[in-house]
Amino acid sequence: MKLNEFKAIGNLVRDAEIVNMPNGKPKQVFTIAINDDYKKSGTEEWIKRPYFVDCYVIGKEYKDLTKGKKILINGKIVTRNYESNGAKKKITLIEVFTLDFIQMKDSSDYERVPAKEVGKDIDDMTDVEVPF
């Protein structure tokens with residue numbers, strides 16, 4: 001059983017970017033918007049609240065990660081500390097292990113479509129550069 005596991009369905013906020021890390025490994029970075037609906041207190045009104053989650057994949061490059069696409073990600077939560085202009089900063093990200101595209105069949109059902117990879121897997125997933 002994994003204690004640090006993150007799964008979510010969200011929409012890509014912008015096209016994914018490929019960044020080459022100093023050690024030469026490719027890193028694909030992207031942000032997804034995850035909607036959370038809640039009922040407004042004392043009313044029957046439902047409010048949509050988006051959460052924006054920064055994600056990255058190391059050693060894999062996925063095709064067609066473009067703005068607006070709905071994806072399912074599976075990964076883990078990671079926290080990185082860094083310094084910027086003398087101030088200590090902390091960032092929380094999702095390290096993605098698997099990714100699938102989601103196609104809506106109707107308003108309440110969907111199907112998963114495996115994402116197509118470009119290139120080869122890289123086993124050594126260390127040395128993450130922050131911020132991206």
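## Strand pairing

Two strands are said to pair if DSSP finds at least two bridges between them. In this predicted model, strand 1, which covers residues 6–12, runs antiparallel to strand 6 and is joined to it by six bridges. Within this pairing, Phe6 stands opposite Gly75 of strand 6.

Strand 1 also runs antiparallel to strand 3 (residues 26–39), and here two bridges join the strands, so that the pairing criterion of at least two bridges is met. Asn11 stands opposite Ala33, a residue of strand 3. Strand 1 is thus joined by bridges both to strand 6 and to strand 3.

## Arg80 and its surroundings

Arg80 belongs to strand 6, the run of residues 70–84. With a relative accessibility of 24%, Arg80 counts as partly exposed, because this class lies between the limit of under 20% for buried residues and that of over 50% for exposed ones. The side chain of Arg80 makes a polar contact, at 3.3 Å, with the side chain of Tyr56. Although 12 residues separate Arg80 from Thr92 in sequence, their C-alpha atoms are 6.5 Å apart in space.

## Aromatic rings and charges

Tyr56, whose side chain is in polar contact with that of Arg80, also has Lys27 over the face of its ring, at 5.9 Å from the ring centre. A second arrangement of this kind involves Lys69 and Phe101: the charged end of Lys69 sits over the ring of Phe101, at 5.4 Å from the centre of that ring. Both distances, 5.9 Å for Lys27 and 5.4 Å for Lys69, can be read against the cut-off of 6 Å that applies to a charge over a ring. As for contacts between the rings themselves, the structure holds zero aromatic pairs.

## Positive phi angles in two loops

Most residues other than glycine have a negative phi. Asp64, which is not a glycine, nevertheless has a positive phi of about 65 degrees, and its place is in the loop between strand 5 (61–62) and strand 6. At 49% relative accessibility, Asp64 counts as partly exposed, because a residue must be over 50% to be classed as exposed.

Asn85, likewise not a glycine, has a positive phi of about 55 degrees. This residue lies in the loop that leads from strand 6 to strand 7 (87–106). Its relative accessibility of 83% places Asn85 among the exposed residues, whereas Asp64 is partly exposed.

Methods. Residues are numbered from 1 along each chain as its sequence is written. This is a predicted model: local features need pLDDT of at least 70, side-chain atom pairs count only at pLDDT 80 or more; totals for chains, interfaces and linings use all residues. Side-chain values use heavy atoms; hydrogens and water are left out. Helices (H or I, at least four residues) and strands (E, at least two) are DSSP runs, numbered from the N terminus. Buried means under 20% relative accessible area, exposed over 50%, partly exposed in between (1.4 Å probe, protein chains only). A polar contact is a pair of N or O atoms within 3.5 Å; within protein, one must be able to donate a hydrogen and the other to accept it, and residues adjacent in sequence count only if both atoms are side-chain atoms. Rings of Phe, Tyr and Trp (its six-membered ring) pair if their centres lie within 6.5 Å; planes under 30 degrees apart count as stacked, over 60 as edge-to-face and the rest as tilted. A charge sits over a ring if NZ of Lys or CZ of Arg is within 6 Å of the ring centre and within 35 degrees of the ring normal.
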